[in-house]
Amino acid sequence: RQPSMFWNSACILNSMARMNMAELEATIQAKSGHALRAASLRFVASEELADASSEAIAAFKACVIFPYDVSQMRLYELYALSLPLFVPERRQLPSYIYRGLTTIEDFNHVLTDAGLGGKGWRNSDISGPHLDYNPFDRDWLAADAWTQLTHWVTLPHLLRFASAAGLVKSLLQEDLRRVAASMRRQQIRDVLRAARFW
């Protein structure tokens with residue numbers, strides 16, 4: 001079953017945290033130092049933010065993001081803010097990314113040359129398991145193969161979760177300052193690499 005973008009994820013996560021507060025507090029007591037406090041957990045949907053400026057968003061401790069194919073820029077914006085990002089684990093990502101919109105047949109246009117000197121990609125030096133699949137097929141293997149090429153998979157320092165319960169526990173156990181610092185260093189490297197390229 002495919003996830004729905006119409007679920008109220010913030011409501012579900014807030015309810016889960018509230019209903020399991022005693023267990024979450026016990027989890028935190030076993031861990032020391034820099035973790036969030038269970039009582040401070042509060043999830044807010046991006047469309048419910050009174051102020052959605054970069055400054056206001058950067059003030060959050062972390063972000064939970066359920067990707068879809070047109071949310072790619074949001075990933076880059078949040079990553080540039082060095083905001084620790086919790087995303088579904090790799091094997092779940094195709095269910096989120098391949099929900100439609102830009103992955104529908106209307107966008108299934110092939111560039112005959114695509115900069116390959118008339119060879120076509122099958123006769124070029126380009127290789128990879130994704131090339132065995134049409135990215136517009138609604139086949140799980142195709143969606144999975146093409147998903148592995150996205151930044152949802154390849155960016156370092158993204159925090160992955162397999163379930164809502166695992167997400168809430170990770171939020172309380174992860175050293176978010178360390179993750180943010182690693183993201184900041186990666187962002188600086190990426191900007192320098194891009195500046196040298198251009």
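Which residues do ring pairs link into a cluster? In this predicted model, the residues joined that way are Phe66, Tyr96 and Phe161. We'll come back to those rings after a quick tour of the chain.

Let's start with the overall layout. The protein chain has 9 helices and 3 strands, and if you walk along the sequence they come in the order α-α-α-β-α-β-α-α-α-β-α-α. Of the 198 residues in the protein chain, 36% are buried. The accessible surface adds up to about 12,400 Å², with carbon and sulfur atoms owning 55% of that. If you take the contacts with a separation of 6 or more, 71% are between residues 24 or more positions apart.

How far does the predictor's confidence go? The average pLDDT of the protein chain is 82, and 75% of the residues score at least 70. Ranked by mean pLDDT, the elements run from helix α2 (residues 21-30), the lowest at 75, to strand β3 (residues 159-161), the highest at 97.

Now pick out helix α4, which covers residues 72-80. Its buried residues are Leu75, Leu78 and Tyr79. Look down the axis of α4 and you'll find those buried residues within an arc of 100°, so they line one face of the helix. The face turned away from that buried side carries Met73 and Glu77, both exposed. What sits over the buried residues of α4? The cover includes α3 (54-58), β1 (63-64), β2 (85-88), α7 (151-154) and α9 (176-197). Just past the end of α4 there's a backbone detail to check in your viewer: Ser82 takes a positive phi of about 60°.

Back to the aromatic rings. A pair of aromatic rings is described by the distance of the centres and the angle of the planes. The count for this model comes to 3 aromatic pairs. Take Phe66 and Phe161: their ring centres are 5.9 Å apart and their planes stand at 85°, so this pair is edge-to-face. The pair ties together distant parts of the chain, with Phe66 in the loop between β1 and α4, Phe161 in strand β3, and the two positions 95 residues apart. The partners don't share the same burial class: Phe66 is partly exposed at a relative accessible area of 27%, while Phe161 is buried at 6%. Another edge-to-face pair is formed by Phe197 and Trp198, because their ring centres lie 4.8 Å apart and their planes are at 90°. Both Phe197 and Trp198 are exposed.

Phe161 also turns up in the surroundings of Glu89. Glu89 sits in the loop between β2 and α5 (93-97). Is Glu89 buried or exposed? Its relative accessible area is 18%, so Glu89 counts as buried, the cut-off being under 20%. Setting aside neighbours within four places in sequence, Glu89 is in contact with Arg160, Phe161 and Ala162.

Next, move on to helix α6 (residues 140-147), where you'll find Thr147. Thr147 is buried, with a relative accessible area of 0%. What does it touch? Leaving out residues up to four places away in sequence, Thr147 touches Leu93, Pro94, Ile97, Tyr98 and Val153. The side chain of Thr147 also reaches the backbone oxygen of Ala143, at 2.6 Å.

Finally, head for the start of the chain. Asn8 lies in the segment before α1 (9-19), and Cys11 is in helix α1. A polar atom of the Asn8 side chain is 3.0 Å from the backbone nitrogen of Cys11. Asn8 is partly exposed, at 40% relative accessibility, and Cys11 is partly exposed too, with a relative accessible area of 43%. Each of these residues also has a C-alpha distance worth plotting. Asn8 and Ala45 are 37 residues apart in sequence, with 7.9 Å between their C-alpha atoms. For Cys11 and Phe43, the sequence separation is 32 residues and the C-alpha to C-alpha distance is 7.5 Å.

Key
Residues are numbered from 1 along each chain as its sequence is written. This is a predicted model: local features need pLDDT of at least 70, side-chain atom pairs count only at pLDDT 80 or more; totals for chains, interfaces and linings use all residues. Side-chain values use heavy atoms; hydrogens and water are left out. Buried means under 20% relative accessible area, exposed over 50%, partly exposed in between (1.4 Å probe, protein chains only). Helices (H or I, at least four residues) and strands (E, at least two) are DSSP runs, numbered from the N terminus. The arc is that of the directions from the helix axis to the C-beta atoms. Contact means heavy atoms within 4.5 Å. A polar contact is a pair of N or O atoms within 3.5 Å; within protein, one must be able to donate a hydrogen and the other to accept it, and residues adjacent in sequence count only if both atoms are side-chain atoms. pLDDT is the predictor's confidence in each residue, from 0 to 100. Accessible areas come from the Shrake-Rupley method with a 1.4 Å probe; for residues, only the protein chains shown count as cover. Rings of Phe, Tyr and Trp (its six-membered ring) pair if their centres lie within 6.5 Å; planes under 30 degrees apart count as stacked, over 60 as edge-to-face and the rest as tilted.
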